[in-house]
Amino acid sequence: MGRAFEYRKAAKLKRWGHMAKTFTKLGKEIAIAVKAGGPEPENNPRLRAIIATAKRENMPKDNITRAIKNAMGKDTSDYKEVPYEGYGPHGIAIFVDTLTDNTTRTVADVRSVFNKFNGNLGTQGSLSFMFDHKCVFTFKQKEGVDMDDLILELIDFEVDDEFDTDEEEGEITIYGAPTSFGDIQKYLEENGFEITTAEFTRIPTDLKEVTPEQRETIDKMIEKLEEFDDVQNVYTNMKPE
């Protein structure tokens, strides 16, 4: 298994939090997709991808339908994707992805947590060199498909040579450039691959060792950040257990 897969697997529960929180976050992503490309999944690739992820997370069909309808309403908030980045305790780099309709509120909330844990909230882009921003697609294995050939087919979309195989689930995970999300999705769909998850992630380029006591403090900081509804995902360069 590759570095990206191990990090993503270890971070999954921390990123998504509890089930109710997961549905709230997915609902916001559905709203952004609907606003950008309309409410019909067949005509909106990004919405199709999010619905696939929502089903993977066991989000009820009624919740998905409601989120799409709410996104079409006149009173729906205009969410913006805003990243925040800085250093937490023990020099650990922390990247916070948010979806917000009030940046003043969100930055105040995020800064309060950094301050509480003696961290330092930096300027946007200050930690971009420490995390690779990737789009991630997980899809069901297809009989007779050679992964080296598939990666070669996707080379124009800046898909990584490294891919991960989950034999237990019968799935493959590939990583590509965020700007190629739509092209990769289109290729997989047109070639009959069943996409089970499609998302964006940030993978640390260098993992930092911490003691059990340090990990406990950093985990508490992450939990505090994830209490805010505006926070979608929290990434660190802390080495997984």
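This tour moves through the structure from the whole chain to a sheet, its helices and a set of salt bridges.

**The whole chain**

Begin with the entire chain in view, bearing in mind that this is a predicted model. The chain has eight helices and eight strands. Its C-alpha atoms fill a box of roughly 50 × 45 × 30 Å along the principal axes. A compact globule with 241 residues would have a radius of gyration near 18 Å, and the chain agrees, with 18 Å. If the surface is displayed, the accessible area of the chain comes to about 12600 Å², and carbon and sulfur atoms account for 47% of that area. Of the 241 residues, 47% count as buried. Among contacts with a separation of 6 or more, 72% join residues 24 or more positions apart.

**The four-stranded sheet**

Next, select strands 4, 5, 6 and 7. These four strands form an open sheet with antiparallel pairing, in the order 5-6-4-7. Which strands stand at the edges? They are strand 5 (164-166) and strand 7 (195-204); each has a single partner strand, so one side of each is left without a neighbour in the sheet. On average, neighbouring strands of this sheet are turned by 25° against each other, direction ignored.

Now restrict the selection to residues 131-140, which make up strand 4, and residues 171-176, which make up strand 6. The two strands pair in the antiparallel sense over six bridges. One position to display is lysine 140, which stands opposite glutamate 171 in strand 6.

**Helices on the sheet**

Add helix 3, residues 45-56, to the view. Helix 3 packs on the sheet and touches strand 4, strand 6 and strand 7. The direction of helix 3 makes about 90° with that of strand 7.

Then select helix 7, residues 181-190. Helix 7 lies across strand 4, strand 6 and strand 7, and runs at about 15° to strand 4.

**Salt bridges around aspartate 230**

The structure holds 12 salt bridges. For one of them, show the side chains of aspartate 230 and lysine 28, whose closest N and O atoms are 3.3 Å apart. Aspartate 230 lies in the loop between helix 8 (212-226) and strand 8 (231-236), while lysine 28 belongs to helix 2 (residues 19-37), so the pair ties together parts that are 202 residues apart in sequence. Is aspartate 230 buried or exposed? Aspartate 230 counts as buried, at 7% relative accessibility. Lysine 28 is also buried, with a relative accessible area of 7%.

Keep aspartate 230 selected and add arginine 105. These two residues form a salt bridge, with 2.9 Å between the closest N and O atoms. The pair links distant parts of the chain, 125 residues apart, since arginine 105 sits in helix 5 (residues 103-116) and aspartate 230 in the loop between helix 8 and strand 8. Arginine 105 is partly exposed, with a relative accessible area of 34%.

**A salt bridge within helix 8**

Finally, move to helix 8 and select lysine 220 and glutamate 216. Their side chains meet in a salt bridge at 3.8 Å, N to O. Lysine 220 and glutamate 216 are four residues apart in helix 8 and so are separated by about one helical turn. Lysine 220 is partly exposed, with a relative accessible area of 44%, and glutamate 216 is partly exposed as well, at 47%.

To end the tour, select Lys28, Asp101, Arg105 and Asp230 together: salt bridges that share partners join these residues into one network.

Definitions and conventions
Residues are numbered from 1 along each chain as its sequence is written. This is a predicted model: local features need pLDDT of at least 70, side-chain atom pairs count only at pLDDT 80 or more; totals for chains, interfaces and linings use all residues. Side-chain values use heavy atoms; hydrogens and water are left out. Two strands pair if DSSP finds at least two bridges between them. Axes are lines fitted to C-alpha atoms, for helices over the stretch in contact, and angles run from 0 to 180 degrees between N-to-C directions. Contact means heavy atoms within 4.5 Å. A salt bridge is a side-chain nitrogen of Lys or Arg within 4 Å of a carboxyl oxygen of Asp or Glu. Buried means under 20% relative accessible area, exposed over 50%, partly exposed in between (1.4 Å probe, protein chains only). The radius of gyration is taken over C-alpha atoms; the globule rule is 2.2 Å times the number of residues to the power 0.38. Accessible areas come from the Shrake-Rupley method with a 1.4 Å probe; for residues, only the protein chains shown count as cover.
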